[in-house]
Amino acid sequence: MRVDLHIHSAASDGALPPAAVTRAAVAGGLDVIALADHDTAEGFAAAREAAPPGLRVLPAIEISAYAPAGERHVLGYGIDPLDQGIERHTEEARGARARRMRAMVEALADLGHPVPLEAVIEEAAGAPLARPHLARVMVAAAIVGSHGEAFGRFLGDGGPAYVPNEGVSVAEAVQRIHAAGGLSIWAHPPREALAEELDAYVDVGLDGIEVYRPRQTKEATRRIARLARGRGLLASGGSDWHGPWDVPLGSFAVPAEDVAPLLEAMGPDSFTATSSGTRVRPRG
């Protein structure tokens with residue numbers, strides 16, 4: 001069974017609408033996916049509704065959080081996508097992301113590359129504004145030749161047009177995920193931060209680490225897996241896929257046995273689809 005627990009849709013900064021993500025997942029030979037959009041779970045219902053028999057779609061979210069050393073992302077698995085706390089978080093994030101985008105557009109203009117903010121808003125199509133939206137507009141305007149170049153030259157962390165996003169602390173992200181019935185996983189942890197920060201995050205309730213990722217050496221994967229086991233943490237894994245500009249969905253997958261404890265902790269009935277929407281079934 002092939003699993004990818006870190007996929008983005010157009011509900012945040014991915015290229016495909018949630019329903020199209022499920023079709024791409026089936027075409028890529030995936031059996032279990034988690035829609036983990038940035039700071040929102042609004043795409044889950046459409047993805048779950050469109051999923052054909054044989055494809056399990058799990059509710060998730062990727063919360064932007066901050067530590068003294070920089071931006072951190074916390075995945076929340078098995079959350080109730082209609083939880084009021086998650087919905088409030090999404091609205092807060094929309095405002096923060098709009099302010100950040102305005103600042104990045106201004107930074108690009110100062111660098112001699114003006115981009116209309118309206119074009120970025122149109123590209124986002126109602127989703128919370130994010131750097132991939134700006135990158136796609138920059139490609140369309142021939143400022144850069146590719147999405148990767150946009151990040152490499154301008155928008156990547158520490159780049160000349162990079163602006164840190166406002167966000168909650170890691171502890172607050174973990175609390176919001178737990179309050180919504182979910183499990184908290186540190187997404188794509190920077191190597192240098194793992195040793196310095198992991199114990200502090202475990203102390204505030206972190207449930208696991210994203211261990212299995214593409215473009216990561218086997219030795220790095222083994223090292224992170226050892227850290228997770230040593231602290232009794234769950235292991236997750238996924239492609240962090242945003243769109244087909246990189247590779248087709250399904251090019252990277254995690255064997256189900258590698259993340260079995262996480263899947264088991266979520267439970268087979270972590271959600272149910274109903275005619276009026278999608279609700280998480282109470283646990284315990």
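Two strands count as paired if DSSP finds at least two bridges between them. The model on screen is predicted, and the tour starts with its strands.

**Stop 1: strand β3**

Select β3, residues 56-67. Then add strand β5, residues 168-169. β3 and β5 pair in the parallel sense over two bridges. To find one of these contacts, pick Y66, whose bridge partner in β5 is S169.

Now add β4, residues 70-77. β3 and β4 run antiparallel and are joined by eight bridges. Y66 also has a bridge partner in β4, namely E71. With two residues between them, β3 and β4 form a hairpin.

Next select strand β2, residues 32-35. This strand pairs with β3 in the parallel sense over four bridges. Here V32 has R56 of β3 as its bridge partner.

With these neighbours shown, is β3 enclosed or open? Eleven of its twelve residues are buried, so β3 is largely enclosed by the rest of the structure.

**Stop 2: helix α4**

Move to helix α4, residues 117-124, and show the side chains of L117, V120 and A124, which are buried. These residues cover an arc of only 60 degrees around the axis, which puts them on the same side of α4. The spacing fits a general rule: an α-helix has 3.6 residues a turn, so residues three or four places apart point the same way.

Turn the view to the face of α4 directed away from its buried side, and E118 and E122 appear there as exposed residues. Then show α3 and α5, which are among the elements covering the buried residues of α4.

**Stop 3: A125 and A11**

Select A125, which follows α4 and has a positive phi, near 55 degrees. From there, pick A11, in the loop between β1 and α1 (18-27). The two C-alpha atoms are separated by 8.7 Å, although A11 and A125 are 114 residues apart along the chain.

A11 has a relative accessibility of 14% and therefore counts as buried, the cut-off being under 20%. Leaving aside residues up to four places away in sequence, A11 touches D37, T40, G43, A127 and P128.

**Stop 4: two more positive phi values**

Most residues other than glycine have a negative phi. Select A142, in the loop between α5 (131-140) and α6 (147-155). Its phi is positive, near 60 degrees. A142 is exposed, with a relative accessible area of 63%.

Then select H188, in the loop between β6 (183-187) and α8 (191-203). The phi of H188 is also positive, near 30 degrees. H188 is partly exposed, at a relative accessible area of 22%.

**Stop 5: the largest pocket**

Keep H188 selected and bring up the largest pocket, which holds about 1100 Å³ of space. Which residues of its lining are closest to the centre? They are R131, H188, R213, D240 and H242, out of 45 residues that line the pocket.

Colour the elements that give two or more residues to this lining: β1 (2-7), β3, β4, α3 (84-110), α5, α6 and α9 (218-230). The hairpin strands β3 and β4 from the first stop are thus back in view.

Finally, colour the lining by residue class. It divides into 15 nonpolar, 14 polar and 16 charged residues.

Notes
Residues are numbered from 1 along each chain as its sequence is written. This is a predicted model: local features need pLDDT of at least 70, side-chain atom pairs count only at pLDDT 80 or more; totals for chains, interfaces and linings use all residues. Side-chain values use heavy atoms; hydrogens and water are left out. Buried means under 20% relative accessible area, exposed over 50%, partly exposed in between (1.4 Å probe, protein chains only). On a 1 Å grid over the protein atoms alone, a cavity is a set of points where a 1.4 Å probe fits but cannot get out, and a pocket is an open set with protein on both sides within 12 Å along at least five of seven lines; lining residues have an atom within 4 Å of a point. Grid points are joined across faces, edges and corners, and a volume is the space filled by probe spheres set on the points. Ala, Val, Leu, Ile, Met, Phe, Trp, Tyr, Cys and Pro count as nonpolar, Asp, Glu, Lys and Arg as charged, and the others, Gly among them, as polar. The arc is that of the directions from the helix axis to the C-beta atoms. Contact means heavy atoms within 4.5 Å.
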